[in-house]
Amino acid sequence: MRTLGLLLAGLLMMAAIATTQTTPRTIEILADKDSQYKVGGKASPTITLKAGEQVKLVITARKAKNMNRDGSVHGFALLRKNGAKVANWNLLLHEGVQEFVLQAPNEVGEYHVVCTVICSSGHEDMNMTVMVTD
Ligand SMILES: [Cu+2]
C-alpha cells in the first residue's frame, strides 16, 4: 500500500514536470483602439523573454480609426536593432483575441515591436520593447 502511494506520488510529479515543459508561458497583450500596445494596463510596455523560449502570445486587438483591406486592425512585427524583421514574428491582428505560439529569438538583446497597419494618426507611436535575455 505504501509502495503504491509512493509510486502514485512519483507519477504525479512526473506529470507535473511534463506539463511545465510542454506548456509555453502565456503573455497577454492588448493592441488597443488608442493605437497603443498595453500589458497589464501599461502603455508602450517592455516584456522580457528568455532566448529561444517558447511563448504563447494572447493578443486582444481593438480597432482604432482605420483598418487594412484584409480586415486587420493592427500589426505586430518584431524588429532587430537594425530594423530587420524577426522571422515568424510579423503578425496581422484582427479584432478580438488571437493566440500565437512563437519562439523567442536566440540572440540576446533589445528588440522593438511596431504596428504594421496604418491604424490611426497615432500609428507611428504604436510600439513596445522586447528584451531577450540569457
Ligand atoms: Cu498602427
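Two strands count as paired if DSSP finds at least two bridges between them. The exercises below apply to a predicted model.

**Exercise 1. Describe the hairpin formed by β6 and β7.**

Solution. Start with the pairing: β6 and β7 run in the antiparallel sense and share five bridges. One of the bridges can be placed by residue, since His 74 has Leu 93 in β7 as its bridge partner. Next, look at the connection: five residues lie between the two strands of the hairpin. Within that turn, Gly 83 has a positive phi of about 90 degrees.

**Exercise 2. Find the order of the strands in the five-stranded open sheet, and state which strands stand at its edges.**

Solution. The order is β4-β10-β9-β6-β7, with mixed pairing. The edges are β4 (46-50) and β7; each has a single partner strand, so one side of each is left without a neighbour in the sheet. On average, neighbouring strands of this sheet are turned by 20 degrees against each other, direction ignored. Inside the order, β9 and β10 pair in the antiparallel sense over six bridges. Val 114 has Asn 127 in β10 as its bridge partner.

**Exercise 3. Give the secondary structure of the chain and decide whether the chain is spread out or a compact globule.**

Solution. The chain has one helix and ten strands. Read from the N terminus, the elements run α-β-β-β-β-β-β-β-β-β-β. The radius of gyration is 19 Å, well over the 14 Å given by the globule rule for 134 residues, so the chain is more spread out than a compact globule. The C-alpha trace spans about 70 × 30 × 25 Å along its principal axes. Buried residues account for 21% of the 134 residues. Of the contacts between residues at least 6 apart in sequence, 66% join residues at least 24 apart.

**Exercise 4. Locate the largest nonpolar core and list the contacts of Val 73.**

Solution. The largest nonpolar core has 22 residues, and Val 73 is among those with the most contacts inside it, together with Ala 31, Tyr 37, Leu 93, Val 113, Cys 119 and Val 130. The elements that give two or more residues to this core are β1 (25-31), β6 (74-79), β7 (85-93), β9 (109-114) and β10 (127-133). With neighbours within four places in sequence left aside, Val 73 is in contact with Ala 61, Lys 63, Ala 64, Met 67, Leu 93, His 94, Glu 95, Val 117 and Cys 119. Leu 93, one of these contacts, is also the bridge partner of His 74.

**Exercise 5. Classify Val 58 and Lys 50 as buried, partly exposed or exposed, and describe their surroundings.**

Solution. The class between the two cut-offs applies when a residue has neither 20 or more other C-beta atoms within 10 Å nor 12 or fewer.

- Val 58, in strand β5 (residues 54-61), has 14 C-beta neighbours inside 10 Å and therefore counts as partly exposed. Not counting residues up to four places away in sequence, Val 58 touches Thr 26, Glu 28, Val 97 and Glu 99. Its C-alpha atom is separated by 5.8 Å from that of Gln 98, 40 residues apart along the chain.
- Lys 50, in strand β4, has 13 other C-beta atoms within 10 Å, so Lys 50 is partly exposed. Leaving aside neighbours within four places in sequence, Lys 50 is in contact with Ala 104 and Thr 133. The C-alpha atoms of Lys 50 and Glu 107, 57 residues apart along the chain, are separated by 9.6 Å.

Notes
Residues are numbered from 1 along each chain as its sequence is written. This is a predicted model: local features need pLDDT of at least 70, side-chain atom pairs count only at pLDDT 80 or more; totals for chains, interfaces and linings use all residues. A nonpolar core is a set of buried Ala, Val, Leu, Ile, Met, Phe, Trp, Tyr and Cys residues joined through C-beta atoms within 7 Å. Helices (H or I, at least four residues) and strands (E, at least two) are DSSP runs, numbered from the N terminus. Two residues are in contact if their C-beta atoms, placed from the backbone, lie within 7 Å. The radius of gyration is taken over C-alpha atoms; the globule rule is 2.2 Å times the number of residues to the power 0.38. Axes are lines fitted to C-alpha atoms, for helices over the stretch in contact, and angles run from 0 to 180 degrees between N-to-C directions.
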